[in-house]
Amino acid sequence: MSNPKFYLESKFSPKGDQVSAIAKLANGVEAGKGSQVLLGVTGSGKTFTMANVIEQVRKPALILAHNKTLAAQLYQEFKEFFPHNAVEYFVSYYDYYQPEAYIARSDTYIEKDLAINEEIARMRLSATRSLVERDDVMIVASISCIYGLGAKKNYEEMVFTIRKDQEIYRDRLLLQLVMMHFTRADMDFPRGSFRVRGDIIEIFPAYEDKRCYRIEFFGDEIERISVIDPLTGKVFERIDELKIYPGSHHVTPESVREDALLSISEELDARIKHFSDKKAYAEEGRIRARTRYDMELIKEVGFCKGVENYSLHFDRRKVGEPPQCLIDYFPDDFLLFVDESHQSIPQVRAMIHGDRSRKKSLVDFGFRLPSAYDNRPLTFDEFYERKGQTIYVSATPTEWEIEEAGGEVVRQVIRPTGLLDPEVEVRPATNQLDDCIAEIAKETKLNRRVLVTCLTKKLSEEITTYLKEIGIKTKYLHSDVKTIERMQIINDLRVGNVDVIVGINLLREGLDIPEVSLVTILDADREGFLRSETALVQTCGRAARNIHGRVILYGDKVTKSMQNCIDITAKRRDIQRAYNKEHGITPASTTASGARNLFKSLEEIPQKEKIDARAITKKMKVLEKAMKKAADNYQFEEAARLRDEMKSYSNLLLLE
């Protein structure tokens, strides 16, 4: 495969030690290094460095993030950097997910329940389509990309190509669409559906956004293929060839399905005998009824609820063999960036254990066949074998990552803005809250923002309540706060509706907030995960985008982690100050960041509507009803306007 071309567009050019970092990383990739580490401080432009490396080495890239919010930020930034290349977004598509489970002690079976975000489902399908048909691809993904996705070979075999003037029975095309998991919908026309009007078939692929396709027949010959607007029917262009990709990743050719049913049947017989020998008659009856029902559905319509639990049979794998995941859709020669690697790598390690323990009771009590174990994420060793050339990106890389890179670390300590790391001060923990309030008052008078970090959810809520009572505009942020609400809270801080956010560890990585000039860390001397060296350095980084940035550590003693954090920050400040002096740079606060794009739609919504996801969903339903009414009345321009307004709201729910 010839190297694809990547065209980076930006009004900025590499500055400071970005220049040397880009050169070292690109040279390392071209020299065949398996692993490298980029140690980049907050605000040093690590994303811009990654983008420049991709442009230079010209390899498809997977950018791995440890949560959806960070993945969304990176996706927005890469989309801006590479407008002419395929930049895709691949995260878990569940707005709500309750996995199937069985609690033996109370004899409680919990059926899988979920709500799929259709827009994210579209983007996942768009990602795999891009990998199959293009080589200039960058995919920003969460850790969910290591879960089984369905065999790439089956997916590619189900791609269907039609051409102008091709002879094909209309009913053959309709049957093919059904086999590819498209549904017929003659009234509504959602993604992943088709509709038929005499000799005209209109197809709205699940991976498309604002384009669908009209196939016009003359007898058994395709007379015309058009790209059209799914709402108004307006023709955008005529094309001579169309590739239709499956509407699901779990599609299988008919021959594969027949073999899978035979294999499932054999496993079922063995499992029935297992339970019969143990005289476990309830489990025997349960596994027999459930599996035969699923098999009948697979035979008739090609899939069933929970079809992924039979992936071992559809993929023709042996027991224990790893499933195929998004990584397997990439070519062999691809580049992996692990962003915030100190967080992402431990998540990859942990995924398999929770999945296995949940399924054990389902298998033991006859709710699933043992092959359900093989519908799973990759183990860390399996991930490691597939990861390709890798660049670990973090302000605080772990010893394991550094060892992987042969002890070499590419450092990016200088910020393009000339900003120094924040000053770090230690104060006694006695009366820490009163002292913190006095510092908050100083900052808010100057129209600056403050982050307060504590150790528990309850304490964050209590501090928030107290600060509100004394007139400080405050909100708390912890894991019980939904993603969409987190985005609202952070946006409120940025625009000045809130002066203080009280959090636990959610403020360590992810979105950068340039308006924050002070970070206070309560009980900094309580050694542990939340007050480790890594956690403290990351938390201090939240004040690194403001020229007045400073950090106060409250503790009655200076722990080893605190001292290391202070030393690391002081050393970086010395390097940054010397560089600025040598090059005549005057530090300036960051006035905007790529993260700002995440709030663009939110800022356009009137304040009274910034409530929660339910309010946004309710507004979308009202708009949808008005849009359909306008379309029924042939007011297509008004319908299109309402559609675009509805989409601006749906963009918010992408972050959920």
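The paragraphs below lead through this structure, from the whole chain to its sheet and then to the parts that call for caution.

The model is a predicted one, and it describes a protein chain with 21 helices and 25 strands. Of the 656 residues in this chain, 54% count as buried, while the area that the chain exposes comes to about 29,600 Å², with carbon and sulfur atoms supplying 49% of it. If we consider the contacts in the chain with a separation of 6 or more, residues 24 or more positions apart account for 75% of them.

A good place to begin looking is the open sheet formed by seven strands, which follow one another in the order S3-S8-S2-S17-S18-S1-S19 and pair in a parallel way. At its edges stand strand S3, residues 86-90, and strand S19, residues 410-412, each of which pairs on one side only. Neighbouring strands of the sheet are turned against each other by 20 degrees on average, if direction is ignored. To follow one pairing in detail, find strand S1, residues 35-40, which is joined to S19 in the parallel sense over three bridges; here Gly40 stands opposite Gln412 of S19.

Two helices can be placed against these strands. Helix H2, residues 46-57, lies across S1, S2, S8, S17, S18 and S19, and runs at about 175 degrees to S17. Helix H3, residues 68-81, also packs on the sheet, where it touches S2, S3, S8 and S17, and its direction makes about 170 degrees with that of S3.

Elsewhere in the chain, a pair of strands shows the antiparallel arrangement: strand S9, residues 160-163, is joined to strand S16, residues 241-244, by four bridges. Within this pair, Ile162 has Leu242 of S16 as its bridge partner. Strand S9 also has two contrasting faces, for Phe160 and Ile162 lie on the covered face, whereas Thr161 and Arg163 lie on the uncovered one.

How far should the model be trusted from place to place? The mean pLDDT of the chain is 86, and 88% of its residues reach 70 or more. Among the elements of the chain, S2, a strand of the sheet described above, has the highest mean pLDDT, at 97, while helix H19, residues 600-604, has the lowest, at 38. Over residues 592-611 pLDDT stays under 50, although the model has 49 contacts beyond four places in sequence for this stretch. Where pLDDT is low, the predicted coordinates should not be read in detail.

Technical notes: Residues numbered from 1 in each chain as written. Predicted model: local features only at pLDDT ≥ 70, side-chain atom pairs only at ≥ 80, totals over all residues. Heavy atoms only, no water. Pairing = 2+ DSSP bridges. Axes fitted to C-alpha atoms, helices over the stretch in contact; angles between N-to-C directions. Contact = heavy atoms within 4.5 Å. Buried < 20%, exposed > 50% of the residue type's maximum accessible area, 1.4 Å probe, protein only. pLDDT = per-residue confidence, 0-100. Areas by Shrake-Rupley, 256 points an atom, 1.4 Å probe, with all protein chains shown as cover.
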